[in-house]
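Thanks for sending this one over. Have a look at the sequence and the model first, then read my comments.

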Amino acid sequence: MSRALLVNPPKEVPLLDWTMRYPPLGLMSIAASLDGHDVDILDMKVEGLNRKQLLKRLSGFDIVGVSVLTPSIDSALEICRAAKECGALTVAGGVHPSLMPEMVGNPEVDLAVRGEGEYTFKEIADGKPIDTIAGISYMDGTRIVHNPDRPPADLGAFPPPRRDLVAKYSGLYTAFGRSLGALSTARGCPFRCSFCCVPNIWKGYRELSPAEVVSEIARMEHTEIVSFVDDNFCQDMRRVDAICDLIIRHGLNDRLYSVFSRVDSIVQHPEVVEKMARANMRVVFIGIEAATQAALDRMNKKTSISDIHRACQILETNGMIIWAGHIVGNLDDTYEDVEALIQMARKLPVDIADFTVITPYPGTELYKVARERGLIDEFDFAEYCECEPHMHTPHLSRIEIMELQIKAYLKFYGLRAMAKGGRRWALNKEKRWILTDNVTGIRSFMKFRRKSAFYFWRTYKETVGKTEGTKIRRYSPLVSTPKVYSLGAGVGAALITFWVTVLIGRYYGQYSSRPLAFIVADFLFGAALVAFVIAMVATWLAIKSYRRGWIFSVRRRKPSRRTRSIGEESISNAGLFTAAALGLAVLLIVAVVLAASSGRLDYHLKEIMVTVIAFLTALPVSHHSVQMVRNGGIDGRRRPGPNTG
Ligand code: B12
Ligand code: SF4
């Protein structure tokens, strides 16, 4: 008997990982097949461990298996390194090793498992000679050996996933604040979209029967959302129809189901969509991908623009939550094509939209083509998170792709667009619950929106703003640019100072009867205090508005001939502002002193002067702080570092 630990690496990618935490279904399924062995699951995505704690957790295991998606490669290797230190045999499995078994060339990985892991991992744990195990790759000296592929298994023959092994994390798997369970009912997809790695992982399409699916759902207790993780759940609509019948018959439609579907399946079977709604299978993710037929054809999507429109209409009529995927920067797309995609997303009744940048995952047709055409700029797979471009296209630079992605998010999740969406939900009686019965969902969505807006803004500042001289303009509902913030602060400071001096003046009687030094000191004190407070408020407001993503527009400006970075420029701007304001303030104070000493200081003139001083002092303070915020200087957060110490 072997002691095996299956590990889900902690690597977090922006956006997607901020909306949901999935249980590691693949590992749970492998664990179920490890009959006769002692097995446990460590999900580092939900159980944060430092390196010392990790080493402690890994010790005593004979085999450590790690699940690897392409972006989690760095994090997975770190775990393998730690496992080797503890003397375990290390096995990497999952999507990335299936597509790039060459990763076994890393000294910390002993074996790479290609394709499904249930039987393969069992044979490894059983201690079968490695040259006889199908579906693995390993090093023989300096040579990589790829054993023959394992033939696809009958899904119905697998025991159900070991949900008990992740029960210790109960309450931590959530989507938009609700408890989340995952269920795989089919593997593979008969289509071959150029950007997708699925056809190369699973080779062919296999499915569980409706009865098998529903008996697994029945085992999933205490789950508010059940996610069918199949890439193309609606491939066989007759099966979907039968599953829905069983869900309804067994009263399992008390929970919310989410599925991934192609648009053509929906268009061809609107009657099944109606049943899906009755079974509460209400969250439907569809791949829209592009706004032109030429782009869809280029990616071999085998769908049409009219199907996209029709599918959205059918889903909306049935009260489904439409979650749509779009690809920003498809090969041969122009800037205008992507702008058209953004427009289309805003016009369709889409409820949630992903705008992922074109990403050449290994094992895809896109990777092959992009590599041949020299379009890939970065091969560090750990960075492949679909939120920052790693390749350019013939018509779009990486910066432009990035800019378009941000633009898409800002437009789609801008306040105006969201208000429109809210209205649509309110008018659709099947969807009204999103507003009326979904406080947790809305709160968690707003949190996600804030975090994402800040992420994009900072990323943009760090790259585009500094490299190309283009400018992103962010608008908050209150004010639009730093200059307006500063002006607001100045005017506010002036008004309050005016009011305060009038009050003080009334209280003390005639000011001019007081000694000159007292008056000047009072001016300076009052002005500085009020200006300071106002500038603080302005800055706080600025930071809050930027962080909260009260942002709904991005404008591209022609690259300027400016050579200095925005950061340098803002500092020098603020410096100039301050110098000018101080100069004027000194002039005014001199004027006050002269007027007072000549005995002709008018009470109202004094107030006006105090007011102007406050205005001028508040202006540069506020301007400088707002510029700092815009440039990412004050973000109050540290960048997340790797979790494994
Ligand atoms: C749920 C899900 C997620 C979840 C959880 C992922 C997880 N660890 O399970 C979250 C939301 C975190 C996620 C994130 C991402 N995902 Co995702 N995700 C999925 C989805 C829909 C289901 C995964 C699943 O449960 N499958 C069912 C189980 C049974 O299969 P499995 O996990 O692959 O496991 C089997 C084998 O792979 C193997 N295996 C897996 N692990 C191990 C470990 C060992 C030791 C062994 C021996 C074998 C083995 O055996 C298992 C049983 O046969 C898949 C699509 C799909 N249908 O698989 C996409 C998918 C895996 N995701 C994908 C992508 C693109 C991403 C993101 C990159 C997206 C992004 N915007 O950034 C991120 C990457 C996150 C990261 N940190 O690396 C791609 C894969 C891309 C790639 N090259 O890695 C997929 C295939 C979707 C697609 N059609 O393109 N994802
Ligand atoms: S994108 Fe969807 S339809 Fe296309 S190959 Fe991948 S899973 Fe199949």
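Here are my points on the ligand shell and the sheet.

1. First, a reminder: this is a predicted model. Please keep that in mind as you go through the rest.

2. Start with ligand 1. It has 43 residues around it, and the closest ones are Gly 26, Gly 65, Gly 93, Glu 116 and Gly 117. Try finding those five in the viewer before anything else.

3. What is the shell made of? Sorted by kind, the residues around ligand 1 come out as 22 nonpolar, 14 polar and seven charged.

4. Several elements give at least two residues each to this shell: the helices H1 (16–19), H2 (25–33), H5 (95–99) and H6 (118–126), plus the strands E3 (63–67) and E4 (89–93). H2 has the largest share, with five residues.

5. Where does ligand 1 sit with respect to the domains? Domain 1 (3–146) and domain 2 (173–437) both contribute residues to its shell, so ligand 1 lies between the two.

6. Now the sheet. It is open, has seven strands and mixed pairing, and runs in the order E2-E1-E3-E4-E5-E6-E7. Strands E2 (38–43) and E7 (143–146) are at the edges; each has a single partner strand, so one side of each has no neighbour in the sheet. From one strand to the next, the twist averages 20°.

7. Finally, zoom in on E3 and E4, which pair in the parallel sense over five bridges. If you want one bridge to look up, Val 64 has Thr 90 in E4 as its partner. As background, strands of a sheet pair through backbone hydrogen bonds, either parallel or antiparallel.

Note on methods:
Residues numbered from 1 in each chain as written. Chains lettered and ligands numbered in written order. Predicted model: local features only at pLDDT ≥ 70, side-chain atom pairs only at ≥ 80, totals over all residues. Near = placed C-beta within 6 Å. Helix = DSSP H or I, 4+ residues; strand = E, 2+ residues; numbered from the N terminus. Nonpolar A, V, L, I, M, F, W, Y, C, P; charged D, E, K, R; others polar. Domains from an automatic or database assignment. Pairing = 2+ DSSP bridges. Axes fitted to C-alpha atoms, helices over the stretch in contact; angles between N-to-C directions.
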